[in-house]
Amino acid sequence: MDKKWAENYRKQISFSAGVICVIVAIWLVFTGIELYTNSGISKRWCLFTVLILGIESAFAFWKRSQMKKIQNVLYEECDPFRFKEIYEYFRAKTKKTRVKNIYNIQISIALFMQGYEDSAYELINQIDFSDLPPRFELNYYDFMRMYFSCKNDERQLAKIKSVFENKLSKANTMERKMIIQQIKYMDLQVAINRKEYEVYDKLIAECNSEMNRMLQKVSVYMLMAKAEFGRGNVNKAKECCQFVLQHGNRTYYVKNAQKLLDIIDGKTVEEPQVEKPIEWEINQLYKEKPDLKFFDSRKKYKRKQRMMYLLWMVLGFSVGFIIYGTIGMKIHQDLSEMVISFWENKILFGLQTAILGGWLIAGILNGVYLFLKVINKMSLGIKILMILFTMPLFLLAGLLSLIPYCIYQIAMIVKEREKKK
């Protein structure tokens, strides 16, 4: 069922994206015809443009809602088996290694929630994070937090906490909120292990107020059950275990909660067979500075970002070239009919306006790109003020820096390629 749903979703995404590309191509042709025949923008063009923007917005909204449904399978329904099945289908259907790595992160989390923490650990350490956007670093550290919390390894948790604290100063608002939450969870885990119940009472109240998704609630209630059992509050521990059994679905928390209930009820609990401890190789262990291994200055990701930037600039220049070239040819024709001649060659005049128009559109895109880079990690209030008071300056900077910045990007791509060789 989940595989079939995932297959239909993928087909719908591909079909919708293709339709939107065709519509945008038609819009560009229609724009050129309108500018040439009417020497301006008509009501039909405005309506068509609004319609396209509406279609793209609706598609983006629909896509986000579908992705939310997929995430809810794990984070609301607490079903890592179905979640893993969906992402394994997506991974099998994509050929791009970068996209496979993104899916592998989700599969690692699903494996962990199924109770196969060591398999999940091995999978996530095979992922090349240098080819992924920076936000996926937090996914890696969050997984490591879960893994070493499961292993009760305070030494490794201390390292992860140190990395989180170092990242706080450069984090944006959403990342900062996530990092602070993860630090609290680590402190809570350590407090329970050390039986520091005063620290636990303070942290559990804060964590309870921040629980928004069912999987978070189940994980925290499992910690509460252990803590309350450790301090002798058997009835409270039972209540927490019952919550986990009721809402934990097929996560490994359910098995742990049932085991704790059996111990409380005095039932015989089969001890798991003692296996030989896993001896991780040096390159598998979490490092003091894992950035050196897993992220490696993001050379691949930066190179792709530079190429994508140049692609957008070429696209913007092409659109401006076509639109303003068409306008220039029409203006020359109208002025010629009015016996006003200030440029004898129609083609050269059209070429001049086309180049200026291309430079204008590409420059605006460059200005927006620079603006987004600057405000990326600012708070919402500062972003609004920046948009109101500094956006024109960034657009001007984009126009002036377009050619030098494109040359810089090309030079860096060539330099990085030479280093690779």
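The following numbered points comment on helix contacts, aromatic pairs and selected residues in a predicted model.

1. Helix 5 (residues 117–124) and helix 6 (residues 136–150) form the first contact discussed here. Their axes come within 11 Å and cross at roughly 150°. Angles over 145 degrees count as roughly antiparallel, and helix 5 and helix 6 are therefore roughly antiparallel to each other. The crossing of these two helices is left-handed.

2. The residues at this contact may be named individually. Helix 5 contributes Glu117, Asp118, Ala120, Tyr121 and Ile124, which meet Tyr140, Phe143, Met144, Tyr147, Phe148 and Cys150 of helix 6. By class, nine of the residues in the contact of helix 5 with helix 6 are nonpolar, two are charged and none is polar.

3. A further contact involves helix 8 (residues 173–193) and helix 9 (residues 197–209), whose axes cross at roughly 145° and come within 9 Å of each other. Here too the handedness can be stated: the crossing of helix 8 and helix 9 is left-handed. On the side of helix 8 the contact is made by Lys184, Tyr185, Asp187, Leu188, Ala191 and Ile192, and on the side of helix 9 by Val199, Tyr200, Leu203, Ile204, Glu206 and Cys207. These residues comprise nine nonpolar and three charged, with no polar residue in the contact of helix 8 with helix 9.

4. Aromatic pairs merit separate comment. The whole structure contains 25 of them. In one, the ring centres of Tyr9 and Trp62 are 6.0 Å apart and the planes stand at 35°, so the pair is tilted. Tyr9 belongs to helix 1 (residues 2–38) and Trp62 to helix 2 (residues 43–75); the pair thus links distant parts of the chain, 53 residues apart. Tyr9 is buried, because its relative accessible area of 6% falls under the 20% cut-off. Trp62, with a relative accessible area of 26%, is partly exposed.

5. Tyr9 and Trp62 also belong to a cluster linked by ring pairs, which further includes Phe59, Tyr75, Phe83, Tyr87, Tyr89, Phe90 and Tyr103.

6. Another pair concerns helices 15 and 16. Tyr369 is partly exposed at a relative accessible area of 27%, whereas Tyr405 is buried at 17%. Tyr369 lies in helix 15 (residues 346–375). The ring centres of Tyr369 and Tyr405 are 6.3 Å apart with the planes at 45°, so this pair is tilted. Tyr405 lies in helix 16, and the pair therefore ties together parts that are 36 residues apart in sequence.

7. Tyr369 reappears in the surroundings of Gln409, a residue of helix 16 (residues 380–420). Is Gln409 buried or exposed? The relative accessible area of Gln409 is 2%, and the residue is buried. With neighbours within four places in sequence left aside, Gln409 is in contact with Arg306, Tyr309, Leu310 and Tyr369.

8. Ile375 lies in helix 15 and counts as buried at 6% relative accessibility. How far apart are the C-alpha atoms of Ile375 and Asn172? They are separated by 9.6 Å, although Ile375 and Asn172 are 203 residues apart along the chain.

Key
Residues are numbered from 1 along each chain as its sequence is written. This is a predicted model: local features need pLDDT of at least 70, side-chain atom pairs count only at pLDDT 80 or more; totals for chains, interfaces and linings use all residues. Side-chain values use heavy atoms; hydrogens and water are left out. Axes are lines fitted to C-alpha atoms, for helices over the stretch in contact, and angles run from 0 to 180 degrees between N-to-C directions. Helices (H or I, at least four residues) and strands (E, at least two) are DSSP runs, numbered from the N terminus. A crossing is left-handed if the near helix is turned anticlockwise from the far one by less than a right angle, and right-handed if clockwise. Contact means heavy atoms within 4.5 Å. Ala, Val, Leu, Ile, Met, Phe, Trp, Tyr, Cys and Pro count as nonpolar, Asp, Glu, Lys and Arg as charged, and the others, Gly among them, as polar. Buried means under 20% relative accessible area, exposed over 50%, partly exposed in between (1.4 Å probe, protein chains only). Rings of Phe, Tyr and Trp (its six-membered ring) pair if their centres lie within 6.5 Å; planes under 30 degrees apart count as stacked, over 60 as edge-to-face and the rest as tilted. Angles under 35 degrees count as roughly parallel, over 145 as roughly antiparallel, 65 to 115 as roughly perpendicular and the rest as oblique.
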